[in-house]
Each structure stands twice: as C-alpha cells, then as structure tokens.
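User: I've got a model open and I'd like to walk through it with you. Can we take it one question at a time?

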Amino acid sequence: MHARPRPGGRRRFRLLLTCVLVGSVGLSTAAAVSAAPPAPPASPEGDAGGARARAAETGPGSWQVVRTAPDTYRVSWRAPERLPVTSDRATIVADGVPVGVPLLRGDGRTVETTVVADTRPDPADLDVLLSGDRLDHPGLDLADVQPARGAAPDLAPLPEDPATAGPHAVVSSDYELDPVKLRRMKQPIEMVGHVVEPAAGAVTGPRPLVVFLHGRHSYCYSPTDEYADGNTWPCRAPLQEIPSHLGYDYIQQVLASQGFATVSIRVNGINAQDYRLDDGGADARSQIVQRHLDHWTSIAAGRQVDLTRVVLVGHSRGGEGVNRASIQIPLSAPYRVVGQVLLAPTDFGTQTAPYVPTVTVLPYCDGDVSDLQGQRFTDSARDLTADDTALKSSVMVMGANHNYFNTEWTPGIAQAPAWDDWYGKKGVCGKRSATRLSAAEQRDVGVAYVAGAARLFAQDAPQLLPLYDGSAVVAPSLADADVRSHAIGGGRELRRPAIDTGLSLPSGATTSFCQGVVRSGSVGACGRTPDLWGQTPHWYDAGEFAPPRRELEIAWAEAGQSGGLVLDEPLDLTDRRLELRTIVDPDLGDVALRLRLTDTTGASAEVTPANGGVVPALPRDQMVGKRWAQAVVADPSTATGIDLSRVSRVDVVGDSPNGRIWVLDVAAAADSLAGVPDKRMPTVSLGELTLPEGDSRRTSTAWLPFTVTGELTRRAQLLVGIVDQATRRSPTKLRLDLSPGQTEGAIRFEHQGNKVHDWPRRITSYGAFAVEGVMTDAYAGRVVVVDDDPAPRLRVRAPRRVSEGDTITVSVKLSKGVGFPSFFMMHPVKGEGPGRRLAVGDVPRDWAREHYLDPRRARLPLHQSPLGFYDDLQPRERSLSFRIPVRVDRVREGEERVTLRVEWNRTRVKRTVQVVD
C-alpha cells in the first residue's frame with residue numbers, strides 16, 4: 001500500500017521479496033537475507049574523501065558505490081524522502097534483472113545491495129524498481145504507450161451468482177482482546193476483530209467461519225492533515241489508526257446473509273514492525289490468525305459457528321499470512337481450515353498450503369505487488385506430492401488494481417487518505433482505459449469470487465466450480481468484467497513437460513523444453529528476451545534459489561505447423577475434458593490452434609478448443625504484458641476413431657499465421673472436485689545458531705539445526721540457498737534430502753577465527769525452498785558469528801581555526817586496522833558557543849552543487865542542510881580525510897564556526913572549527 005503522493009499530480013514513489021525490509025527475505029540471488037551485517041548509517045546526499053565513495057545523480061535521490069572487497073561493491077540509492085509502507089519491496093536492477101539482495105536501511109530511504117563485478121558499477125546502468133516504476137528517474141514509466149493487444153474471450157454467465165445476497169438478517173459487532181507479544185517485535189500486537197454474522201435468531205444451521213486478514217498498509221493518519229507523516233507507532237495524537245480491517249465489510253455482509261459467520265482482524269501493529277522480520281511478517285500474521293481462532297473456540301457454540309469449516313481470506317501480505325496459518329494449523333487443532341482465498345497476495349517464501357483448497361486472485365493492474373508473485377501459490381503445489389487433490393486455482397482479474405478490494409484503501413469512501421495504486425491515466429491500466437474496472441466494479445468481483453470460493457469449500461456448492469477451473473464463464477453480477485482462470489489439483493490427472501513427457505517429432509514448428517527462469521540471452525531460459533521485469537508470474541528471476549519448472553515452448557512461422565508432447569503414461573480422457581495451461585507470447589499476439597490427439601495404437605484425431613481455438617494474448621503496453629497461463633480447454637469426445645482412454649501424445653497445431661506459446665502442463669479434468677485427503681504435509685523449519693569467533697585460524701565446524709514437524713512417511717527434498725551477508729559473494733545452493741521418520745537434522749557450517757576486530761556480527765543466511773514431499777514453515781535461518789576482539793581507538797583531528805580560502809581537513813585514524821570495510825559518516829551539527837554558523841554561501845558554488853546543496857540558499861547553515869560525508873576504509877587500512885573548502889567572500893562577517901560530527905562503529909566524535917575573515 002502506499003504513502004499518500006505529494007501535491008502536484010506526479011507520484012514520486014510506488015512500491016513485496018516483497019515489501020521493502022530490513023533483513024527481508026530476498027528471492028533474488030539469496031533465498032533468505034537475515035539482519036544485515038553492520039552497515040554504514042543512512043547515506044548522505046554527498047561525500048568528500050575521494051574516488052572510493054563517489055555519488056552519482058541520474059534522477060531523484062542519490063547513488064553511492066563503495067568497494068568492499070576485490071571485485072565486490074556495495075551499491076546504495078537514497079530517496080529524497082521515506083519510502084512508503086507497502087507490500088512490495090524496492091529492488092536494484094540492471095537491464096531489468098535484480099542485482100544482489102535488496103535491503104532497506106533503518107532510515108526508510110536507502111536501498112542497498114552488493115554487486116560482484118570486475119569493474120566498478122556505473123549507477124547510470126542501474127535502476128531502483130518499486131512495483132515496476134523506476135524510482136531513480138523522475139515521473140512515471142507510463143509514457144510512449146504502445147497499442148494494446150489481446151481480445152477478451154467470450155465469457156458465458158454462470159447460471160447461479162454467488163454474489164447474490166442470502167435470506168438471513170445480518171448483525172455487526174466488534175471485540176478487542178488483550179494485545180499479544182510476538183517474537184522480535186517491540187510493541188505487542190492488537191487483538192481487534194470486526195464481526196458480521198447472521199442474526200442470532202436466523203435459522204442457518206451450523207455456520208462456517210470466514211476470517212479476513214488485511215495486508216501491509218500505512219497504519220496512522222491525521223484527520224486534519226492528509227499529508228502528515230504517519231510512520232510512528234503506536235499512533236500519537238492527533239494521529240489515528242487506519243481501520244484497514246473494516247475494508248472487507250461489503251463482502252462480510254453478503255457472506256453473513258448467506259449463512260456464514262465472518263470476522264475481519266486488524267494487524268496495524270505488525271505492519272508497523274514487520275520490517276524487522278526475515279519473512280516480512282508472514283509468521284506473525286499467522287500467529288495472530290491462530291490467536292483469533294483460539295478465541296472463537298470459546299464463543300463458537302453460542303453463535304452457532306462450526307469451526308470444522310473455516311475459510312481464510314487474506315489480502316496482499318495478509319494472503320501470505322493466512323497461507324502460513326493453513327500450513328501451521330495441525331489436524332489436531334479445535335478448528336479446521338477447509339479452504340482459503342488470497343487476494344493480490346505476496347509469496348516471498350515461495351510457499352503453498354498442501355491439502356488446502358486455494359483460490360488466488362491476481363489483479364492485472366496491480367500497482368503494488370506488480371509481479372503477481374501470488375501465482376506461486378498455485379504453481380508450487382504441482383510437484384510437491386501426487387496425492388494432493390486440493391484445488392489450486394488462479395483467477396486473473398483484468399483491469400483490477402491492488403487497493404480497491406479494500407474500501408479503506410479506496411479514495412472517496414475510505415476514512416483515511418487513499419489512492420489508486422496504479423496511478424497514471426494512459427495505457428491498458430490507466431484511469432482512462434475502457435477495460436479498467438472502477439472501484440465499485442472491482443468490489444463486485446471481490447464479492448463474487450470470495451463468496452463463491454467460500455461456498456465451494458465450506459458449503460459444498462459444486463455448481464460454482466466453473467468460476468475457478470478455467471471454464472469460460474463469469475458471475476452474472478459482473479456484467480462485462482473480464483475474469484479468467486486456470487487450475488491444477490481438484491482430481492486432475494496431470495502430465496508435466498520434461499518430467500512425465502518427452503518431445504514429439506515436430507512438423508514445421510520449433511519445440512523445446514525450457515527452464516522457467518528469466519535470464520536474458522540464455523538459450524535454455526523460457527524468459528530469454530530483455531525487459532521482462534514483473535511480467536512473468538510463472539518464471540523466477542535467474543538468481544533465485546526457488547526450484548524452477550520446465551515448460552514446453554512451441555513456435556510456428558506458418559499455419560499448419562505443429563509440435564507437442566509424448567506422454568510417458570497414457571492419459572485417460574474418457575468423460576473428461578482436456579486442459580493445457582498455456583502462456584501466449586504477447587509480443588506476437590493472439591494465436592489460433594487445434595489439438596491433435598494420438599492414442600497408443602498410433603491413431604489420431606483433432607479437436608478444436610473452446611472459443612474456436614483462439615487464445616488471446618494478454619493486453620500489453622509499456623508497463624504490462626504478462627506472460628500468464630490461460631486455460632486452453634477442449635472436449636475430447638469430438639475426436640473420433642481413437643481410444644480416448646489411452647491418449648499417448650498431444651500436439652499443438654498452429655492455425656494462426658505465426659505464434660509462440662509455452663505449455664505448463666496437460667491435464668485430464670473431471671466436472672467435479674475430488675475429495676481432499678484428511679492430512680497435512682510435514683514442514684521443515686530452519687533454526688538459528690550463534691557462535692563466538694575465536695582466535696584460531698583453523699577451520700571449525702558447526703551445525704545449523706532444523707526441525708521437522710509432522711510425520712515423514714517417504715523421502716523428501718528441499719533446496720537451501722546460502723549467502724554470506726558480510727560480502728554477499730558466491731551464494732551457494734545445496735540439496736537437502738530427508739528420510740522417512742526424520743524429525744531433525746543440521747546443515748554443516750565452517751568458519752575460521754582471527755585476532756582482528758571484525759564484523760561485530762557476521763551473518764550467513766539460509767533460505768529453504770520445498771521441492772517434494774515436504775513444505776517449509778520457518779524457511780529463513782541464519783548463523784551468526786560474534787566477533788570477540790577489541791575495537792581500535794578512533795582518533796579525529798581537525799584544525800581549531802582556518803581562514804577564508806582555506807580547506808577544513810578532518811583526519812580520521814584508527815589505532816589499528818580492522819577486518820571489515822569500515823564506514824565513516826561526517827555531518828555538520830549545530831554545536832555550541834557564540835558566533836555565526838558556516839552556511840551554504842560560505843563554500844564554493846560548484847562544490848555546493850556537487851554535494852547536492854542549493855547555492856541559492858546561501859544563508860542556510862550547513863547543519864540545517866542535507867550535507868553529509870560518507871567514506872570507507874578497506875580491511876587493514878587505518879586513515880582517511882574529509883574536506884570542506886571555504887570560499888573567500890570579501891565580506892567582513894566576524895568569526896564563524898562549524899561543528900562536525902564523525903561517526904564510526906557506534907562511536908561519535910565532535911570537532912569545532914573557527915573560520916576567520
């Protein structure tokens with residue numbers, strides 16, 4: 001969610017791995033990033049001290065590039081003001097590809113990463129991306145809009161509308177319980193719930209419970225000043241809390257009228273503090289959901305609530321939070337999660353909830369979680385286990401944004417200032433677009449798809465399944481809304497490229513198995529073309545540790561060319577429909593195709609998929625062009641002369657003049673859902689380990705523990721990514737194999753001691769990603785090596801007095817070298833004593849501009865300006881200098897003075913210099 005833009009019509013910042021966090025989990029390069037090693041304080045707008053810490057200005061904000069080791073550089077960008085509280089996170093990229101692991105410093109303005117390169121990185125080649133917008137460039141990246149492509153498919157109205165209000169009278173109430181103290185959060189978390197339910201006398205029978213959890217949004221606002229800074233917690237008068245939990249009342253009202261009890265819970269306390277957490281607060285949100293469910297065990301009987309039928313609904317980071325709750329809640333709990341709906345969710349940990357039916361709603365015009373990473377909740381479930389029949393559905397809502405699912409984040413009806421997170425008027429997603437949904441239309445989608453899923457999962461309403469399984473239908477209340485879906489699970493028999501299949505002999509078409517990653521120029525990557533940032537929900541960035549999937553790529557240059565898959569085991573299509581989750585390349589546009597089915601005898605027949613075989617590309621302009629898989633659905637019963645019970649080959653025949661598609665999987669799907677096993681998957685949680693550094697140079701071995709919760713009945717596997725946070729160089733990846741019955745284990749860690757003052761806490765981060773047979777819970781672990789050598793003394797020397805025309809030179813020296821890059825800051829401060837303070841007009845104009853000072857503000861004292869100095873010493877180096885030239889102004893001013901504060905390693909030293917005419 002976003003801080004209110006400043007006046008003037010231009011949004012300065014827009015932001016979720018993603019969520020900008022201190023100690024966040026980075027899904028690029030490092031799987032898990034723990035609290036960063038001691039870093040320099042917030043970067044200043046300028047520096048003095050030479051070539052090692054130069055700043056470059058290519059747009060708003062300022063860049064810093066500091067060499068920290070051979071071929072290693074710390075790159076940071078500081079915004080002119082605090083970044084907003086949102087779900088996504090800022091990332092430093094080169095050519096649209098993430099560089100290193102993004103971290104946000106404690107000032108809330110500085111994003112940094114580490115770059116390993118032979119030459120010093122040039123900030124001109126880098127950008128800071130926040131929800132698809134380049135923060136380091138002025139304005140929005142919405143200019144030069146290209147023509148949109150992609151025709152909407154024909155959608156038939158579903159006979160029954162899940163958004164129709166039910167017959168029951170509805171009542172609302174609120175409760176507030178004692179706050180809860182959670183690990184690594186200084187302030188306790190509120191326990192506030194907004195309840196909407198059928199009236200006490202309504203004859204409903206046992207009522208399923210639907211729990212709503214909002215996402216990461218600003219948490220305080222001023223009723224009288226819409227631009228007031230609300231980034232303090234708890235909110236201080238006259239600031240008030242933003243009631244984000246009230247934003248789903250419109251859905252609660254409909255559900256309650258249909259016989260559901262509902263509660264929406266508030267987590268402003270988490271939003272204000274989750275930047276401290278490795279997982280972005282997902283576990284904290286899960287814990288609060290479970291605390292509320294514990295409360296409901298004491299009141300459910302008196303409210304006719306059936307806690308064996310709980311549906312969780314999470315928006316944004318709330319989606320990731322309720323999914324974690326679904327993973328953690330055991331079958332032995334006094335409540336049972338039977339399904340979940342995730343609205344525009346984050347999924348920083350690449351997790352999913354096995355054996356829990358899940359609908360993930362993706363807004364095509366999401367201006368916050370713009371990469372639509374919630375698609376991972378569906379995709380990650382595919383290969384975990386063969387016996388998970390829970391439906392995993394993804395629903396793409398064309399023209400929808402991130403915020404409008406919550407009325408308290410919607411302008412015109414929210415209590416606090418609110419806004420359209422997309423911003424801009426032009427393009428496919430702009431406010432002037434004919435396909436863009438209004439706030440009211442988007443709420444209609446929210447009602448229909450949340451209520452439909454709740455009824456499907458908790459009230460056995462199979463007639464609503466076509467909304468989620470790829471069928472070309474839409475709820476009648478949605479008028480002309482374009483909502484598409486695809487699904488896995490639910491009883492489908494699946495065939496996966498390169499796992500259960502081989503390539504058939506193509507006829508003219510070009511076919512290959514590609515890796516589901518984005519790596520520009522790589523022959524084997526599905527995303528090998530440039531400028532794909534945020535446009536590939538199914539594909540991972542090249543540096544991620546999450547295990548990518550293989551896909552079938554087919555391209556043809558003229559109609560009639562074909563290629564496809566040979567199935568390892570025949571597919572039974574008797575009384576079932578055929579589904580292909582298919583991405584259409586929006587650069588080439590819509591495709592038309594047929595499917596050729598071949599049985600085990602060699603007989604073949606062709607069928608035409610729904611919509612006349614036309615599969616539209618998703619619309620594109622400069623900001624969007626998603627590579628998202630649509631469901632290509634065909635009725636095999638029209639294929640005569642073949643044995644539909646033993647289909648061994650599926651080929652795609654291009655009917656359009658050209659085209660390119662990617663097929664994620666092929667499935668035989670029944671008309672109804674299969675039963676879901678009454679089980680939960682075992683989970684793995686990584687631990688933490690703290691070690692003294694020691695003095696011995698010999699290699700020591702320690703073990704990072706992990707635990708397994710639940711029973712492992714067969715072999716399982718995870719991938720673990722490992723990053724040394726001190727250098728962030730040479731990230732490694734290992735495979736972790738688990739045996740049946742295993743309950744714990746450990747990962748080997750080697751280190752060496754020394755007798756040199758080093759990083760106070762050297763952190764190695766571990767991130768676990770599920771591959772097969774197990775899911776992760778606490779997926780971020782770390783080893784902390786604590787330095788045990790005394791710090792050197794800091795000596796700061798400055799002249800007592802200089803004359804105009806001289807240079808103030810402040811020398812900094814350590815009594816001995818240290819074992820890590822030492823970062824030094826120097827700022828002018830007010831100081832004490834009589835006399836005029838040195839001002840901007842007292843330094844040369846060119847020097848002022850170079851250090852981001854406005855020469856026109858000549859009378860502004862330096863201690864009130866943004867002037868700051870930032871430099872570093874490499875390991876074993878001991879001294880450096882900062883310099884401020886003083887201009888000869890030929891004006892008798894009497895004595896002037898400036899007080900300078902040097903900061904290093906939690907040490908602060910002040911020196912005052914007098915300047916005389």
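User: Is Tyr449 buried or exposed?

Analyst: Keep in mind that this is a predicted model. The cut-off for buried is under 20% relative accessible area. Tyr449 comes out at 2%, so the call for this residue is buried.

User: How many aromatic pairs does a search of the whole structure find, and what kind is the pair of Tyr449 and Tyr468?

Analyst: The search turns up 9 aromatic pairs. For Tyr449 and Tyr468, the ring centres sit 5.6 Å apart and the planes meet at 85°. Planes over 60 degrees apart count as edge-to-face. With its 85°, the Tyr449–Tyr468 pair is therefore edge-to-face.

User: How many residues apart in sequence are the parts that Tyr449 and Tyr468 tie together?

Analyst: Tyr449 belongs to helix α6 (residues 439–458), while Tyr468 is in the loop between α6 and β21 (473–474). Tyr468 is buried too, at a relative accessible area of 0%. The pair therefore ties a helix to a loop, and the separation in sequence is 19 residues.

User: What about Trp539 and Trp662: what is the angle between the planes of this aromatic pair?

Analyst: Trp539 and Trp662 are 5.2 Å apart, centre to centre. Their pair is edge-to-face, and the angle between the planes is 75°.

User: Where in the chain do Trp539 and Trp662 lie, and how many residues apart are they?

Analyst: Trp539 is in the loop between β26 (525–527) and β27 (540–541). Trp662 sits in strand β36 (residues 659–669). Trp539 counts as buried at 3% relative accessibility, and Trp662 is buried at 4%. The pair links distant parts of the chain, with a separation of 123 residues.

User: Which residues form one aromatic cluster with Trp847?

Analyst: This one is a group of three aromatic residues, Trp847 included. The other members are Phe869 and Phe882.

User: How many disulfides does the structure hold, and what is the pairing of the bonded cysteines in sequence order?

Analyst: The structure holds 3 disulfides. Number the bonded cysteines along the chain, and the pairing reads 1-2, 3-4, 5-6.

User: Is the link of Cys220 and Cys235 left-handed or right-handed?

Analyst: Cys220 and Cys235 are joined with an S to S distance of 1.9 Å. Cys220 is in strand β14 (residues 220–221) and Cys235 in the loop between β14 and β15 (240–241), 15 residues apart. Both cysteines are buried. The angle about the S-S bond is -90°, and the link is left-handed.

User: How many residues apart are Cys365 and Cys429?

Analyst: The disulfide of Cys365 and Cys429 has an S to S distance of 2.1 Å, and at -75° about the S-S bond the link is left-handed. Cys365 lies in the loop between β19 (358–363) and α5 (376–379), and Cys429 in the loop between β20 (392–397) and α6. Cys365 is buried at 0% relative accessibility, as is Cys429 at 1%. Along the chain, the two are apart by 64 residues.

User: Why is the disulfide of Cys514 and Cys526 called right-handed?

Analyst: The sulfur atoms of Cys514 and Cys526 are 2.1 Å apart. Cys514 is in strand β25 (residues 510–518) and Cys526 in strand β26, so the bond ties together parts 12 residues apart in sequence. Both Cys514 and Cys526 are buried. The disulfide is right-handed because the torsion about its S-S bond is about 95°.

User: Which residue's backbone nitrogen does the side chain of Gln373 reach?

Analyst: Gln373 is another residue in the loop between β19 and α5. At 2% relative accessibility, Gln373 counts as buried. Its side chain makes the contact at 2.7 Å, and the backbone nitrogen belongs to Asp347.

User: What span should helix α3 have, and how far apart are its end C-alpha atoms?

Analyst: Helix α3 (residues 282–299) has 18 residues. At 1.5 Å a residue, the helix should span 26 Å. Its buried residues include Ile288, His292 and Trp296. The end C-alpha atoms agree with the expected span, at 26 Å.

User: Last one: what share of the 917 residues in the chain is buried?

Analyst: The chain has 7 helices and 54 strands. Its accessible surface comes to about 33,400 Å², of which 48% belongs to carbon and sulfur atoms. Of the 917 residues, the buried share is 62%.

Terms used: Residues numbered from 1 in each chain as written. Predicted model: local features only at pLDDT ≥ 70, side-chain atom pairs only at ≥ 80, totals over all residues. Heavy atoms only, no water. Helix = DSSP H or I, 4+ residues; strand = E, 2+ residues; numbered from the N terminus. Expected span 1.5 Å × (residues − 1). Buried < 20%, exposed > 50% of the residue type's maximum accessible area, 1.4 Å probe, protein only. Phe/Tyr/Trp six-rings, centres within 6.5 Å; stacked < 30°, edge-to-face > 60°. Disulfide = S-S within 2.5 Å. Areas by Shrake-Rupley, 256 points an atom, 1.4 Å probe, with all protein chains shown as cover. Polar contact = N/O pair within 3.5 Å; in protein donor to acceptor, adjacent residues only side chain to side chain.
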